[in-house]
Amino acid sequence: MTQFSYMHLGEEADPATDVVCKYRVTTELPMEKAAEAIAAEQSTGTWTELSTLSADTMKNYGARVLAIEGDLVTIAFPDVDFSIKVGGIPQILSVVSGNLYGLDALQKVRLEDIHFSRSIQAQFKGPRFGADGLRELVGRPEKPLIGTIVKPKIGLSPKETANYVYEAGAGGLTNSKDDETLVDQSFCPMQDRTLAIAEALDKLAEEGHKMIHAINVSTNGDKIVEVAERAQSWGARQLMVDVITCGFAAVQALAEDPSIKVPIHVHRTMHGAMTKDTRHGIAMLPIVKMTRMCGGDALHIGTLGAGKMTGDIQGDRDNLNACLDPLEPYRTVMPVCSGGVYPGMLAKMIEETGFNVQIQAGGGVAGHPGGVRKGAMAMTQAVNGLFSGFTLQEYAKKHEELAQALEKWGIKE
Ligand code: CAP
Ligand code: MG
């Protein structure tokens, strides 16, 4: 197939100039052949020998297979293969995560991890606020931020939505957000919703409580900055964007546009299409790393196996660590734990996550028998109690709203 070899087993990658990817490969081919097929397809080769491929081109631009350990293949791409200023993450993805999935000789391939070269990292700016900036905005330096997703996710009017946000804030929550399915539908236009929520947040601020709400501005790429600017002019304190459906470039466009002055909450709806099959697609970890490079300030990372969405403790822990990794040259990203969250599961979850997270509950707030405010109080009591070293059962003895939540949903062991 190839007149040059892509095999460099045992060689070290150069962290200054190599982009290093780990792939999990399922194939009936010998693993070396499969690894070489990926390296060739994604750099200088194709299915046949090429009269146009020189030794020099191969040496300078060819990908190198550095290691094969069982079904895990490590491939280094020289960073001259990438076109960051014009191309950006879309071009990076078409190299490290492109045609390889369709190669017929490979049954399945999953991009498990990626390490960018220092020179590529230097061309991205990362978050402008990050976890610390978000904490500062809501005046909560150490305890987990506590958020809600307005539920029902669709169907409430702007006034009902703003009322929900006010009640959640009055119950102690620091954050709320639109659902990913809500943008500018006729029952809840973005302008009316944003104006009404801004009023609710102002009222909370006057009463001494700092809270922010993320308005979902996910839309077509050529419009997203304009839509975000408008939302901001109506009083949005935070923006939300769906990184998988809109693309990493959309997050980057918002984070790097000088007119945008508020943090970006990054949702990951549709990620399951890529991440759920543990042998095929893209793991969440590379998605976290690229979101951080592109400037997301908060990102959904899962509930470490505790909530309603698929996720495992080790995988979600890797996601969390990638948000907070101090060795990366960017501000940290606030890891957001969401999806089927309720007070009685928080001991189990926080045991795994620690306190530097944003915990978010939609149904777990609006489903409280006493309504949104009491649901928010129950979440706040659970988090504050655990932070102070109490068990949920102990804290519930003197906190009625928490006791009601535990009675309704139980305690997750
Ligand atoms: C949570 C949520 C989020 C999920 C997505 C929802 O609501 O708003 O979209 O968290 O999953 O609509 O399901 P509930 P992930 O609290 O009512 O479950 O965070 O894993 O990306
Ligand atoms: Mg949702």
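**Sheet, barrel and helices of the predicted protein chain**

In this predicted model, helix 1 (residues 31-41) lies across strand 1 (18-27), strand 2, strand 3 (72-78) and strand 4, at about 145° to strand 2. Helices (H or I, at least four residues) and strands (E, at least two) are DSSP runs numbered from the N terminus. Axes are lines fitted to C-alpha atoms, for helices over the stretch in contact, and angles between N-to-C directions run from 0 to 180 degrees. Residues are numbered from 1 along each chain as its sequence is written, while chains are lettered from A and ligands numbered from 1 in the order in which they are written. Because the model is predicted, local features need pLDDT of at least 70 and side-chain atom pairs count only at pLDDT 80 or more, whereas totals for chains, interfaces and linings use all residues.

The protein chain contains 18 helices and 13 strands. Its radius of gyration, taken over C-alpha atoms, is 23 Å, in agreement with the value near 22 Å for a compact globule of 413 residues; the globule rule is 2.2 Å times the number of residues to the power 0.38. The C-alpha trace spans about 75 × 45 × 35 Å along its principal axes. Of the 413 residues, 49% are buried; a residue is buried if 20 or more other C-beta atoms lie within 10 Å of its own, exposed if 12 or fewer, and partly exposed in between, with C-beta atoms placed from the backbone. Among contacts between residues at least 6 apart in sequence, 75% join residues at least 24 apart, a contact requiring C-beta atoms, placed from the backbone, to lie within 7 Å.

The strands crossed by helix 1 include strands 1, 2, 3 and 4, which also belong to an open sheet of five strands in the order 2-3-1-4-10, with mixed pairing. Two strands pair if DSSP finds at least two bridges between them. Strand 2 (64-69) and strand 10 (281-282) form the edges, each pairing on one side only. Strand 1 and strand 4 run antiparallel and are joined by eight bridges, with Arg24 having Arg110 of strand 4 as its bridge partner. Strand 4 (residues 106-115) is in turn paired with strand 10 in the parallel sense over two bridges, and here Arg110 stands opposite Gly281. Arg110 thus appears in the pairing with Arg24 and in that with Gly281.

A closed barrel of eight strands runs 5-6-7-8-9-11-12-13, with parallel pairing; the twist from one strand to the next averages 25°. Strand 8 (residues 238-242) and strand 9 are linked by four bridges in the parallel sense, and Met240 is placed opposite His265 in strand 9. Strand 9 also runs parallel to strand 11, joined by two bridges, where Ala298 is the bridge partner of His265. Within strand 9 (residues 264-267), Ile264 and Val266 point one way and His265 and His267 the other, and all are buried. Further along the barrel, strand 12 and strand 13 (residues 358-360) run parallel with two bridges between them; Val336 stands opposite Gln358 in strand 13.

Helix 13 (residues 313-324) comprises twelve residues and reaches 16 Å from its first C-alpha to its last, close to the 16 Å expected at 1.5 Å a residue; the expected span is 1.5 Å times one less than the number of residues. Its buried residues are Gly315, Asp316, Asn319, Leu320, Ala322 and Cys323. These cover an arc of only 160° around the axis, which puts them on the same side of helix 13; the arc is that of the directions from the helix axis to the C-beta atoms. An α-helix has 3.6 residues a turn, so residues three or four places apart point the same way. The buried residues of helix 13 pack against helix 12 (284-294), strand 11 (298-300), strand 12 (334-337) and helix 14 (346-353).

Helix 16 (residues 372-387) is largely enclosed by the rest of the structure, because 13 of its 16 residues are buried. The end C-alpha atoms of helix 16 are 22 Å apart, in agreement with the span of 22 Å for 16 residues. Gly389, which follows helix 16, has a positive phi, near 95°. In the loop between strand 5 (145-149) and helix 6 (158-170) lies Pro152, which counts as partly exposed, with 13 C-beta neighbours inside 10 Å. The C-alpha atoms of Pro152 and Thr27 are separated by 44 Å, the two residues being 125 apart along the chain.

Notes. Contact = placed C-beta atoms within 7 Å.
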